[in-house]
Structures are given as C-alpha cells and as structure tokens.
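Welcome to the tour! Open your viewer, switch to a cartoon view, and get ready to select residues as we go.

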Amino acid sequence: MSDYKAVDYDVVIVGAGFAGLYAIHKMREQAPSIRCFEAGDGVGGVWFWNRYPGIRCDIESMQYSYSFDKDLQNEWDWSEHYAPGGEICAYLNHVADRFNLRRDITFNTRVTAAHFDGEEGLWRVTTDQGETLTTRVFIMATGSLSASQTPDIPGLDDFSGGTYHTAEWPHDGVDFSGRRVAVIGTGSSGIQCIPEIAKEAGQLTVFQRTPNFSIPAQNRSMSDEYRQDWRENYDERRRYAKEECPSAVVREFGPPSAKAVDKAARDAEYHRRWRIGGAEFMSAYRDIPTDLESNATAADFVRERIAEVVNNPETAEMLSPRDYPIGTKRICIDNFYFETYNRSNVRLVDLKKTPIKRIEASGIRTGTELHVLDDIVLATGFDALTGPLTRVDIRGRGNLSLKDKWADGPKSYLGIMVAGFPNMFTVTGPGSPSVLANVVVAIEQHIELIADLLVHKAKTNVDLIEPEPQAESDWGNEVNAVVERTLFSHSPTTWYMGANIPGKPRVILPYAGGFHNYYRICNDIVADGYRGFRFSLATEDRLQDT
C-alpha cells in the first residue's frame, strides 16, 4: 500500500435520499468510518423537498422500493398502487431507523466544495458550516432531480404575493383557499399539483409553454391479494426487471410493431392499457420508442382521449402535444388532470401565443393582459442530472473543475465515474439510465457496483480507481450512438437534452439504450477484470502528476 496519510473518514457521501441511505448501508460492509451530509433536516431526498399538493410516484409502489433486504420488502405495507410522496418519505424514514443509518448523517449541512489532493491521494470536502475534512472515497448521491430550476422571468422578485417552487415546498403546506393562483409549467410536477390546487383555489390560471402527454394513473388502494402476489414473486420479478426490462419496471410488453395490426385491433389494445393506467400504455408495442409511424398511433390515441375529456375544443387542442413524439419528453401519469380544465375556476394560457412579458407586484403580465394574482407556483423543474453535481465546486486532478470538464456536455464512464477524478463516484449520473429507468433499481445497481470496485481495490492493494480516458470517450460515443436509434433526437427541447436550462449543451444526458442492456454491459465489464477502470498505487499517481 501507499504511504498516504490517514484521512478523517474512509467514505464521505453527499445526500440522504434513496441513493445516500443505501450507500451508507452498503459501505458499512467495508468502510470503518462513514459520514453522510444532507442539506435538509431529514432523510428522503427528492421526497423530503417535494411536498406540493398531489405529489406521488409514477412507478407502482411495489416496484419503487428497495430490493436489497427481503424482510424490508415484506414488512412495509404500501397503501396505494401509486404511493403519495408523504408515504414514500415515511418509508425512507423507516429504512433509516431500521438500519440505524442516522448515526452517520449530518443534517442541515450542504457540501459546497470537494477538491482532490493528488499529493496525498485524498479528497478535501468543505461544507457550508465551515468544516473541511478529508476522505479517501467521495460519493455524490445527490440524485438526478435535486437542483431546482427557477426561470429567469423579469420582475419575479417584485411580486407581492406568495411564490412557491414545487421542489422547495413549505413543509407545513400552503392554504390556497379562495385565492387567485397561477401555476407556471405543465411537466410532471405541474400535472400532479394542478388538479389539487384547482379544488382549493378561487381561480387557477395555468401558464403552459409546452403541452405534455399524460396517461391516467387509475390509482387505487392496494389490495392484500395484490401485495401478497408481489411478495411471493419478488425474486423473479426483480430479476426480470433488471435483466429484461428497458425501464427496469415489470410491465406487459406487447407485440413488436404497432404497424403490424389494423387500427381497430390497435385501438382496442390502447383502450385496454388506458383502463389499466400508468406507463403500461407505452409498452403496448415495442417499437413505439423507435419508429415514428408506430409512435404516431399512440400519440393520436392520447390526443383523441384529451378531446373526449376536455369540453372546450380550443382548450383541448392547447393541451394536445403535436410537435414531438410521445415518450421523448417524460411521460406523465395523472389523476384527473385533463378533467380539471372543465372546472369553471380554471383557465389555461398558451405561452407560445401570449408569452409572459414580466411579473409585476400584482401579477403576471403577458402580451395581451395582466393576470392579477395572490400566489404563483413555479412548477418549472430541475437542472437535471448534471446540475446537482456542477453546483458543487468539485475539482479533480490538476485542479480541473467538473463544471469546466463538462462545459460541452457531460463525460463519464457508465455514468458512475469521471476520468481525472479518482475515487469519486456519481450515483445514477449522466451517461447512466437514471431518469429513464426505475431509479431505485438503478441506484441499487450503482451502489453495488461501487462496492465491488472498492472491494477489488482493497484486494489488489491499490489506492485509487479512475476510468481510463479512452474508456470514458468510448462510452460517450456509445451513449450518443444509442440515442440515434430512438426518437429522442426528434425532441430537442426536452430536459433529457438539457434544453430547459439556458446555455446548457444540447446533448442526451441519460443512457437511452435500456436498463437491461446497461446492466449486462456493466456485468460484462466486471467479468472482464473491470475493463476500462484504472487501479493505481499512490506512487504511480504522484509520478503521473509530476
């Protein structure tokens, strides 16, 4: 081993959501000392911060949960097929208590910087509480959707009423009773909160830039029979999700092509899946994500349903996406979203026709009128995947900042490590399936791969792990090549491409080749002696830096 000096902690983890909690649990198997930093005052990650009305998961509860402990799988009783956010947060608190994870977490503390010291072979981590500490292994478990994005609207600070971001919701809630409320944004958060706010507000005005495809959740209470069926078949279904499902979600996959059947048969299948609810609809035919003609049949069906539900034809047309393939923006799952526009107290404003000019003290001014308001809700999403990483001052070998390295788009190996940043791991980072998969499955796979890498490092008596630059470059080429075989390239305005952030490079952020393929690739790399990873001694690294 090297003569590197001792460190304060063997492992430092940032974030105490699904990724951070499992990282603490898994790292305890080999690391004598662990410290996790969490900006909030409780565990839960995205489910801690996002507490807006109507928030719930868009993956069924029995699958959106940890699989690493069988007793945990069997002891937690989900109340609904699609669990509300508060219940998921309660589940994560249960996990933290059950495995005594809080003892390693420092709450109300944000990591502001992490710099790699090549001379000492360690990371110096600084917090907003003025503490600097050292660690050998640095794990960013900050999640893909944790850096909220507030739009740069002139006059936003001038508004005299209440302003709320869905990703930073007051934990004691907000009373909108009888008030004039605006919601800006109709992505997943907007589609979930709009029906709930409409029930309470005196007047709700929705400002929409781009309409989204949304499928009814058909949510219902969890029956004992359904729950027990999952428990009895968990092992096989978890295996199937990882090894055979592109989204790592167990679904019923239909025939190869929507073009192979006539419209009557196709619509019958779409109706059947519509009644089932949720993203099951998108698996009706296997070529919906890859073939424009097949994709159009699904899109047409959804637009027909919108026209059936929404009474006002003009409003229905405003709500009907027409300029991108279905599924290339995050498919939304709703509870009576489109029906909400039939309420007399709800109005829809098309920002493409009448853009916001500025926000004034009394409300939002568009090109045609002033909308007088009491409250504004910003359902404007996130600086996804890269934002949670580049908003921290992370510097690798040679003082290279991660933000500078990624100026033209993120570069990583498997979305888990970055060349030039030894012993730093990014859980579900850019270049991995992340937001295109059941993120809990993706998190477990990443944490277990990190643990395997660290075990291999210890067995081979070396100090540092880092991707080979060529392996990183080759993986970037693969990520870009794979997306060209899908329809994502036909939707350049999606946040999957970074298009919601001014100045952000327009490149695909997640790996779009399917979790099942990614899982196989990772297993092949491990079986091939951790191909693409460089394991080095301290002295070798020092010589490289000199």
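Two strands pair if DSSP finds at least two bridges between them. Helices (H or I, at least four residues) and strands (E, at least two) are DSSP runs, numbered from the N terminus. What you see is a predicted model, in which local features need pLDDT of at least 70 and side-chain atom pairs count only at pLDDT 80 or more, while totals for chains, interfaces and linings use all residues. Residues are numbered from 1 along each chain as its sequence is written, and side-chain values use heavy atoms, with hydrogens and water left out.

**Stop 1: strand β1 and its partners**

Select residues 9-14, which form strand β1. Which strand does β1 join through 4 bridges? That is β2 (residues 34-37), and the two run parallel. Within this pair, color V12 and R35: R35 in β2 is the bridge partner of V12. Now add β6, which pairs with β1 in the parallel sense over 5 bridges. Here I13 has I139 of β6 as its bridge partner. In general, strands of a sheet pair through backbone hydrogen bonds, either parallel or antiparallel.

**Stop 2: the loop after β6**

Follow the chain out of β6 (132-140) into the loop that leads to β7 (162-165), and select I153 there. Is I153 buried or exposed? I153 is buried, with a relative accessible area of 13%; buried means under 20% relative accessible area, exposed over 50%, and partly exposed in between (1.4 Å probe, protein chains only). Show the side chains of I184, I356 and I359, which I153 contacts once its neighbours within four places in sequence are left aside. Contact means heavy atoms within 4.5 Å. For a sense of scale, draw a line from I153 back to R35 of the previous stop: their C-alpha atoms are 39 Å apart, and the two residues are 118 apart along the chain.

Stay in this loop and select Q149. Q149 is buried too, at 15% relative accessible area. Leaving aside neighbours within four places in sequence, its contacts include H165, T380, F382, R391 and N500.

**Stop 3: a three-stranded sheet**

Next, find the open sheet of 3 strands in the order β13-β14-β15, with antiparallel pairing. Its edge strands are β13 (356-360) and β15 (370-372), each pairing on one side only. Neighbouring strands here are turned by 20° against each other on average, direction ignored; the axes behind such angles are lines fitted to C-alpha atoms, for helices over the stretch in contact, and angles run from 0 to 180 degrees between N-to-C directions. Zoom in on β14 (residues 363-366), which 3 bridges join to β15. One residue to label is I364, whose bridge partner in β15 is H371.

**Stop 4: three loop residues**

Select T340, in the loop between β11 (332-334) and β12 (346-350). T340 is buried, with a relative accessible area of 5%. Not counting residues up to four places away in sequence, T340 touches I194, P195, A198 and V346.

Then go to L385, in the loop between β16 (375-378) and α11 (387-390). L385 has a positive phi of about 65° although it is not a glycine, and it is buried at 2% relative accessible area.

What is the phi of N461? N461 has a positive phi of about 60°, and N461 is not a glycine either. Look for N461 in the loop between α13 and β19 (464-467); at 37% relative accessibility, N461 counts as partly exposed.

**Stop 5: two helices side by side**

Select helix α13 (residues 439-459) and helix α15 (residues 515-527), which pack at an angle of about 5° with their axes 12 Å apart. The helices are therefore roughly parallel to each other (angles under 35 degrees count as roughly parallel, over 145 as roughly antiparallel, 65 to 115 as roughly perpendicular and the rest as oblique). Show V441, A442, Q445, H446 and L449 in α13, which meet F515, Y518, Y519, C522 and V526 in α15. By class, this contact has 8 nonpolar, 2 polar and no charged residues. Ala, Val, Leu, Ile, Met, Phe, Trp, Tyr, Cys and Pro count as nonpolar, Asp, Glu, Lys and Arg as charged, and the others, Gly among them, as polar.

**Last stop: the cysteines**

How many disulfides does a search of the whole structure find? The search finds 0, a disulfide being a pair of cysteine sulfur atoms within 2.5 Å. Select C522 once more: its sulfur is 17 Å from the closest cysteine sulfur, in C245, too far for a bond. C522 is buried, with a relative accessible area of 2%. Finish at C193, whose sulfur lies 11 Å from the closest cysteine sulfur, in C332, so a bond is out of reach. C193 is buried as well, with a relative accessible area of 0%.
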